[in-house]
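Let's walk through the aromatic contacts together. Feel free to follow along in your viewer.

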Amino acid sequence: MEPKKEIQEELEQISPFLAGLDKTQNFKVPVNYFEEMQEDLWQKVAPESKSAPVAVPKKTWLSQLDELLANWFQPRLALSLASLLLLLTAGWYFMSSVDGSEELVAVESSLLDDEAYDYFAQNFDEFDAELLSQLDFDDEEIDAFVESNFSGDGEFDVLLEDLLQELDIDELEGLLL
Amino acid sequence: MQPTVNDISDDQILSLLKEEHSYERGFRALMQKYQERLYWHIRRMVYEHDDANDVIQNTFVKVFKSIHRFEGKSKLYTWLYRIATNEAITFLNRKQKKSMSSLDDEGSHVSEKLQADTYFDGDEIQLRLQKALSVLPEKQRIVFNMRYYEEMTYKEIAEVLETSVGALKASYHHAVKKIEHYFREVES
């Protein structure tokens, strides 16, 4: 049975009075309401990318390259890139100077002991406390070095004290062990 | 011959809405197929056109924002009806809290409003019917409207309201009896 007919028969059984009433819709809407509602809603729900399709001309490779370059050389982007390059250069320079000191140690390790000692004697100013701690001179060599390079009025002690102050507790512990 | 909006199936509408190039077509197809049904469903719950307009707008904004999450477990119109019904109930609850009026007061209030409403042109009996409906419990009124005015089957109503058919039959039966009783009381 059709739903409409079934519903009417059901109502007649429950309430003949209500079944006999006019079901005419008595609510009204303003003129063109539903058409306008559609447009209003479209403004609210239309995603930007899904708005009315617009014909886009196909780009040539030259125009694409031109666009790319224009994008890359925008002032803000160019400034960011310049800052990044500067940081990278500074970082490379810093690492290079660190590597330089490591180079000293690397150079030192490739020398024979005597040559290492001579090198150290000539360039000891370039060695900081950490590097000194890595050198493996015996006591005789150290005494000889001190005697030849420092006066007897405690100059070496002053230098040693300065070097020791550069060391942190872990490095000092490593030296003493 | 181009198919009319009513010829477009719900599956076709959903397919159109999935693709960027056909999204607007899908939007318009859905609106033309369901906007009036949903509007009247809401209007019968909230009575005033301005209120119905607010609720239907909120409903469709929600629909289009979440259409991509619609999994098709229920029929499209069931899902739409459910959102519309919930939005109308939320609106009515908010309004009820503000007014703090009783159901009886609500009935008089509705009657007065409808009499003054430009967008209601019913006669005395229709006005009385709306007044009788306004004093029904909310859910009972919704069931009555969907069965009596929208001529939906109990199965369809059950899918929208997520209630059993048996409970709906009982609810509708009681609603009809209450309305009949209200008319007899007024006449006497």
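Here are some questions and answers about rings and charges.

User: How are residues and chains labelled, and what kind of model is this?

Analyst: Residues are numbered from 1 along each chain as its sequence is written, and chains are lettered from A in the order in which they are written. Side-chain values use heavy atoms, without hydrogens and water, and side-chain atom pairs count only at pLDDT 80 or more, local features needing at least 70 while totals for chains, interfaces and linings use all residues, as this is a predicted model.

User: How many aromatic pairs are there over all chains?

Analyst: Rings of Phe, Tyr and Trp (its six-membered ring) pair if their centres lie within 6.5 Å; planes under 30 degrees apart are stacked, over 60 edge-to-face, and the rest tilted. Searching the whole structure gives 18.

User: Is Y39(B), in the tilted pair with Y33(A), buried or exposed?

Analyst: The two ring centres are 5.3 Å apart, with 55° between the planes. Buried means under 20% relative accessible area, exposed over 50% and partly exposed in between (1.4 Å probe, protein chains only). At 0%, Y39(B) is therefore buried.

User: What is the pair of W42(A) and F27(B): stacked, edge-to-face or tilted?

Analyst: Their centres lie 4.9 Å apart. The planes meet at 45°, so the pair is tilted.

User: Which residue lies over the face of Y148(B)?

Analyst: A charge sits over a ring if NZ of Lys or CZ of Arg is within 6 Å of the ring centre and within 35 degrees of the ring normal. Here the distance from the ring centre is 4.7 Å, and the residue is K23(A).
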